[in-house]
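Here is a short briefing to read alongside the structure. Keep the viewer open and follow the topics one at a time.

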Amino acid sequence: MLASWLVQEIGRLGLAVDQIVPAGGVRRFAPDVGSVTLLAIATPEIHASFLRGVAGLQGVRAVVPRDAGGFVAHTDRGGVTLHVESPEHAGAALVWHTGSRGHVGLLQARALTFGLAFEGGRLLDTNGRPVPCVSEEALYARLSLPVIQPELRHGGDELALADEGQLPDLLTGRDIRGDLHMHTTWSDGRDTLATMVLTARTLGYEYVAITDHSERATSSRTLSRRDVARQRAEIDALRDRVDDIAILHGVEVDIMPDGTLDFDDTVLSGFDIVLASLHDDAGHDPGRLLERYEAALRHPLVSVITHPANRSPARFPGYALDYDRLFEAAAATGTALEVDGAPGHLDMDGALARRASDAGVTLAVNSDCHRADALARQMRFGIGTARRGLVRREAVLNARPLEDVQAFVAAKRAGRTAAPQVPR
Ligand SMILES: [Zn+2]
Ligand SMILES: [Zn+2]
């Protein structure tokens, strides 16, 4: 990632910079991050030498001033906007540069009601003198607010929720007990099953599900039905070697154009968990796509629908489905819907995740990883996306112990509708 690379390079300069933090959409886990913004906290004396240092870095072609007091570092990997602020105004600057524009607008309006102004990254008193805000907490406190988490800074109802004391206790990385969606060399993953499991183990997970693509999926490589037993044997052998992480044998089965699943029930019932997905639209309109989903949701062996909108932030906004009906069916059938952390998906996005969880749907927050070295990062993206949707840990399947995940799967298989989670 461009931001972390530059932070690392700047760190090597050994300048007396207190902190360099990503701001902007990156910090908010916005799905459509157009540009990278960094904020450096440094005493005024260091500002000039900081910028000279950045300009001299290998890979940085130029550092040019921009309006609003920032600088753009043009690097071999793209442009990064840099802001430098003194420690006494660091909190106000971090809120300002993190955005969103809508959120900052809400804070500006609120500042006026306190006889203050929030302009140009600083809080100002009635005489236009800057009011020191060393931390974000200090800035929000001056406006009589608790810190609003970056993922919630949409410019929507976040201040109203804060005033009502209704900001939820958001899902965090510590809540995640396992990852229920990843691919291996058995389908289109880059790493072996063992590498994926052993890497997941280093992340402290209690369980993982290996979920390769079913035979007729549109991905480059898929798991053929004759390989299912061989894959299971490999998992069994690995279970003998590794006893501190549970390995679920799962699959990401394609929902076919007629709503049936790519593997038959005999094959599917051998898996510990079945995820189902649409990977293309087969030329269907939203009504037909919903029917395909509803058929999969009714299927007792399907426990999770992955990346339900099938969105791709850069290319495709997602299916124009009747999501309320999808959520109703998911809640009623005891099927979880996914928040997929792959950068190519981030699906459901925050807004849909919020609606789903409000409708009582259980969510699964997964990496959908195809390479071991991205397992942690993609899970972070999934969590950040879920947090944008105000998702609480109680709504998240893989924030539960393994027994509860197994019970969730078993309840649907047995035709018992799992108790819907209580809407907030
Ligand atoms: Zn998929
Ligand atoms: Zn997948």
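In this predicted model, Ala276 makes contacts beyond its sequence neighbours within four places: its partners are Val253, Ile255, Leu261, Ala296, Val302 and Ile305. Ala276 belongs to strand S12, which covers residues 273-277. Is Ala276 buried or exposed? Ala276 is buried, because 26 other C-beta atoms lie within 10 Å, and 20 or more are enough for that class.

**Around Ala276 and further away**

- A good place to begin is strand S12 (residues 273-277), where you will find Ala276.
- For a sense of distance, try Asp175: Ala276 and Asp175 are 101 residues apart in sequence, and their C-alpha atoms are 24 Å apart in space.
- Another pair to look at is Glu403 and Asp227, with their positions 176 residues apart along the chain and 28 Å between their C-alpha atoms.
- Glu403 sits in helix H15, residues 402-413.
- Glu403 counts as exposed, because it has 9 C-beta neighbours inside 10 Å and the exposed class takes residues with 12 or fewer.

**The chain as a whole**

- The chain contains 15 helices and 15 strands.
- The domain assignment divides the chain into domain 1 (2-85), domain 2 (89-163) and domain 3 (173-413).
- Between the C-alpha centres of domain 1 and domain 3 there are 36 Å.
- Along the principal axes, the C-alpha trace spans about 75 × 45 × 45 Å.
- How does the radius of gyration of the chain, 24 Å, fit with that of a compact globule, and what value would such a globule have? For 424 residues a compact globule would have a radius of gyration near 22 Å, so the 24 Å of the chain agrees.
- Of the 424 residues in the chain, 44% are buried.
- Among contacts with a separation of 6 or more, 70% come from residues 24 or more positions apart.

**An open three-stranded sheet**

- Which order do the strands of this open sheet follow? The three strands are arranged as S6-S7-S8, with antiparallel pairing.
- Strand S6 (117-119) and strand S8 (130-131) are at the edges, and each has a single partner strand, so one side of each has no neighbour in the sheet.
- S6 and strand S7 (residues 122-124) run antiparallel and are joined by three bridges.
- Within this pairing, Ala117 is opposite Leu124 in S7.
- Helix H5 packs on the sheet and touches S6 and S7, its direction making about 145° with that of S6.
- As background, strands of a sheet pair through backbone hydrogen bonds, in either a parallel or an antiparallel manner.

**A pair of packed helices**

- Helix H11 (residues 286-298) packs with H12 at an angle of about 10°, and their axes are 9 Å apart.
- H11 and H12 are therefore roughly parallel to each other, since angles under 35 degrees count as such.
- On the H11 side, the residues that meet H12 are Leu290, Tyr293, Glu294, Leu297 and Arg298.
- Their counterparts in H12 are Arg325, Leu326, Ala329, Ala330 and Thr333.

**Backbone details in the loops**

- Where should you look for a cis peptide bond? One runs from Gly99 to Ser100, with omega near -5°.
- Ser100 is in the loop between helix H4 (90-98) and helix H5 (101-113).
- A cis peptide bond also runs from Asp347 to Met348, with omega near 5°.
- Met348 is placed in the loop between strand S14 (336-340) and helix H13 (350-358).
- Ser144 is not a glycine, yet it has a positive phi of about 60°.
- You will find Ser144 in the loop between helix H6 (136-142) and helix H7 (158-163).
- Ser144 is exposed, because 11 other C-beta atoms lie within 10 Å and the limit for this class is 12 or fewer.
- Asn310, a residue other than glycine, also has a positive phi, near 55°.
- The loop that holds Asn310 lies between strand S13 (304-305) and helix H12 (323-333).
- Asn310 counts as partly exposed, because it has 19 C-beta neighbours inside 10 Å, whereas a buried residue needs 20 or more.

Note on methods. Residues numbered from 1 in each chain as written. Chains lettered and ligands numbered in written order. Predicted model: local features only at pLDDT ≥ 70, side-chain atom pairs only at ≥ 80, totals over all residues. Helix = DSSP H or I, 4+ residues; strand = E, 2+ residues; numbered from the N terminus. Contact = placed C-beta atoms within 7 Å. Domains from an automatic or database assignment. Rg over C-alpha atoms; globule rule 2.2 N^0.38 Å. Pairing = 2+ DSSP bridges. Axes fitted to C-alpha atoms, helices over the stretch in contact; angles between N-to-C directions. Parallel < 35°, antiparallel > 145°, perpendicular 65-115°, else oblique.
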